[in-house]
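Hi,

Here is the structure I promised to pass on to you. Please have a look at it first, and then read on for what turned up.

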Amino acid sequence: MEKREKITIILFASSIALDLFFYVCFFGGIALGIDSIELGFTMLSIAFRYGAAICITSFLLKFAVLYLTFRQKSSLTKKLFFITCQSAIFLAFLGGLAWFIYYLGKVMTSVG
């Protein structure tokens, strides 16, 4: 394995780790919050408060992986390219959903 592929794998793993942290905080926070467990509300507040920074950092890592794997011919880099594209779409959808819920709550709080 060459040095470029090692860097690509490290960036890919970092991006996926950030995604998993965001997903666990968001979905785990909702699941535990429904049961009125304080840890769930803490996890949900982490997802809402730092979710934008986590998502932006993850997107930057994904774009770096896409740049490094764009013109490569090996099967590993092709897999990384397609998995990165799919995870970027999923992260954009869930990041938008979390943003919508957060700002809907802010508007409802200020109105009510």
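Let me start with a question: is Cys 55 buried or exposed? Cys 55 is buried, because its relative accessible area is 8%. Please keep in mind throughout that this is a predicted model.

**The cysteines**

There are zero disulfides in the structure. Cys 25 takes part in none, and the cysteine sulfur nearest to its own belongs to Cys 55, 11 Å away. Seen from the other side, Cys 55 is in no disulfide either, with the sulfur of Cys 25 as its nearest, 11 Å off. A pair counts as a disulfide when the two sulfur atoms are within 2.5 Å. Cys 25 is buried as well, since its relative accessible area comes to 5%.

**Helix 1**

Helix 1 covers residues 3–34. Does its length fit what one would expect? What I mean is: how far apart are the end C-alpha atoms of helix 1? They are 46 Å apart, and this agrees with the 46 Å that 32 residues should span at 1.5 Å a residue.

Its buried residues are a mixed group: Glu 5, Thr 8, Phe 12, Ser 15, Asp 19, Phe 22, Tyr 23, Cys 25, Phe 26, Gly 29 and Gly 33. They pack against helix 2 (38–69) and helix 3 (75–111).**The salt bridge**

Searching the whole structure turns up one salt bridge. It joins Asp 19 to Lys 62, and the closest N and O atoms are 2.6 Å apart. Asp 19 belongs to helix 1 and Lys 62 to helix 2, so the pair ties together parts that are 43 residues apart in sequence. Both partners, Asp 19 and Lys 62, are buried. As background, side chains of opposite charge can pair when their charged atoms come close.

**The loop after helix 1**

Ser 36 follows helix 1 and sits in the loop between helix 1 and helix 2. Its phi is positive, about 60°, although Ser 36 is not a glycine. For context, most residues other than glycine have a negative phi. You may want to look at this spot on your screen. Ser 36 is exposed, because its relative accessible area is 57%.

Which residues does Phe 41 contact, leaving aside its neighbours within four places in sequence? They are Gly 33 and Ser 36. Phe 41 has its place in helix 2 and is partly exposed, with a relative accessible area of 45%. Between Phe 41 and Arg 4 there are 41 Å in space, C-alpha to C-alpha, for a separation of 37 residues in sequence.

**Helix 2 and the loop after it**

Ser 45 is another residue of helix 2. With 37% relative accessibility, Ser 45 counts as partly exposed. Along the chain, Ser 45 and Tyr 102 are 57 residues apart, yet their C-alpha atoms are separated by 9.5 Å.

Arg 71 is in the loop between helix 2 and helix 3. Arg 71 counts as exposed, since its relative accessibility is 69%. From Arg 71 to Ile 101 there are 30 residues in sequence and 38 Å in space, C-alpha to C-alpha.

**Helix 3**

Helix 3 has 37 residues, and from its first C-alpha to its last it reaches 54 Å, close to the 54 Å expected at 1.5 Å a residue. Its buried residues are Thr 77, Leu 80, Thr 84, Ser 87, Ala 88, Leu 91, Leu 94, Gly 95 and Ala 98. These pack against helix 1 and helix 2.

There is also something to see on the surface. Which residues form a nonpolar patch there? The patch is made of Leu 97, Trp 99, Phe 100, Ile 101, Tyr 103, Leu 104 and Met 108, which together have about 720 Å² of accessible area. One of them, Trp 99, is found in helix 3. Trp 99 is exposed, because its relative accessible area is 56%.

**In short**

The buried residues of helix 1 pack against helix 2 and helix 3, and those of helix 3 pack against helix 1 and helix 2. One salt bridge was found, there are zero disulfides, and a nonpolar patch lies on the surface.

Best wishes

Conventions:
Residues are numbered from 1 along each chain as its sequence is written. This is a predicted model: local features need pLDDT of at least 70, side-chain atom pairs count only at pLDDT 80 or more; totals for chains, interfaces and linings use all residues. Side-chain values use heavy atoms; hydrogens and water are left out. Helices (H or I, at least four residues) and strands (E, at least two) are DSSP runs, numbered from the N terminus. The expected span of a helix is 1.5 Å times one less than its number of residues. Buried means under 20% relative accessible area, exposed over 50%, partly exposed in between (1.4 Å probe, protein chains only). Contact means heavy atoms within 4.5 Å. Patches are made of residues with over 30% relative accessible area and no salt bridge: like charges are joined within 9 Å, nonpolar side chains (Val, Leu, Ile, Met, Phe, Trp, Tyr) within 5 Å. Accessible areas come from the Shrake-Rupley method with a 1.4 Å probe; for residues, only the protein chains shown count as cover. A salt bridge is a side-chain nitrogen of Lys or Arg within 4 Å of a carboxyl oxygen of Asp or Glu.
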